[in-house]
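Morning, everyone. I have one protein to show, and I will keep it short. Please look at the screen.

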Amino acid sequence: MYNILDIFPEMILSEHLEVYKSSFTTKWECPTLAHGYGHLDFIQKGCHLVIKDNKEYPVRANQIIFVPMNIDYYQKVKETPYGYHSFLFSYVLNDVTKDIKDPIIISAKNTAFFIEKYRLAYHLYLTKPVAYKTKIRKIIYEVLDKICEEEISKQNSETGLYTIRKSVEYIHENYSDPTINSQKIARISGITSTYFRHIFKKIYMVTPNKYINNLRISKAKSLLENTDYTIEEISYRCGYRDYSYFSKAFSKSTGISPSEYRKKNNTTKKEL
């Protein structure tokens, strides 16, 4: 299985370039021999089936299929009426793209964006204005970028990052508030504190409390290095109500006390 976030950002288009728009009312099928270009097809209606090494890749309306260069495959129109837009282009075979041997199917979310880009590219291909190939390649890169953007959004949603993003933003803006807690943070995302802790740990590999403490210790290090605030004042500024608790938490995290850390790293004294 290929990760398009590894592939499409590394894709560099080369010489071959065509843009097509086709529709069919009858079913058909045929073998396709390897050729020196790949194609990126957006299916508007119907169902198209690509078969490679006896494995079927059905692509339906509002889906995109990328078929790489230099592969033999069999294709058939499975459901009609069938309509699609297609970019045909060659690309540089680098360390990433040379290993793509199978079709990749992508479900488009912002279908209006893709339809508009394909239509614009097709118009440029037909009318052939000055620098039309450069303009079409730019559009293809925009389509590849949009595919990656939607894949990132999909992955974030699947991991739960989208669900808790407002809570994470709140943590970064308010970690120095000594009253911050999981219940308060979870309410911002409209979920229970138990579910919030579950998603948070799945994504960040630490509990919310540990994450907050890490932010506080990081801020404390910066203040110890760059200011002359007293250590007690720094502990308060970083969200600790109790100085002794801050000192223990700092020592546990860094291996040395706040005062020892300041002696080794404070820049204001050195500048004097």
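I will go through the overall shape, then the surface and charges, then the cysteines.

A word of caution to start: this is a predicted model.

The secondary structure of the protein consists of eleven helices and seven strands. How spread out is the protein? Its radius of gyration is 28 Å, whereas the globule rule for 272 residues gives 19 Å, so the protein is more spread out than a compact globule. If you follow the C-alpha trace along its principal axes, the spans are about 80 × 45 × 35 Å.

Next, contacts. Take those in the protein with a separation of 6 or more: 74% of them are between residues 24 or more positions apart.

Now the surface. Buried residues make up 43% of the 272 in the protein. The accessible surface is about 15300 Å², and carbon and sulfur atoms account for 51% of that area. As for charge, the protein has 40 positive and 30 negative charges, and the mean positions of the two sets lie 5 Å apart.

Last, the cysteines. A disulfide is a covalent bond between the sulfur atoms of two cysteines. How many disulfides does the structure hold? The count is zero. Cys30 is in no disulfide, and the nearest cysteine sulfur to it belongs to Cys47, 15 Å away. Why is there no bond from Cys47? Because its closest cysteine sulfur, in Cys30, is 15 Å off, which is too far for a bond. The cut-off here is 2.5 Å.

Are these two cysteines buried or exposed? Cys30 is partly exposed, at 25% relative accessible area. Cys47 counts as buried, with a relative accessibility of 0%.

That is the end of my part.

Terms used. Residues numbered from 1 in each chain as written. Predicted model: local features only at pLDDT ≥ 70, side-chain atom pairs only at ≥ 80, totals over all residues. Heavy atoms only, no water. Helix = DSSP H or I, 4+ residues; strand = E, 2+ residues; numbered from the N terminus. Rg over C-alpha atoms; globule rule 2.2 N^0.38 Å. Buried < 20%, exposed > 50% of the residue type's maximum accessible area, 1.4 Å probe, protein only. Contact = heavy atoms within 4.5 Å. Areas by Shrake-Rupley, 256 points an atom, 1.4 Å probe, with all protein chains shown as cover. Lys, Arg positive; Asp, Glu negative; His and termini not counted. Charge placed at Lys NZ, Arg CZ, Asp CG, Glu CD.
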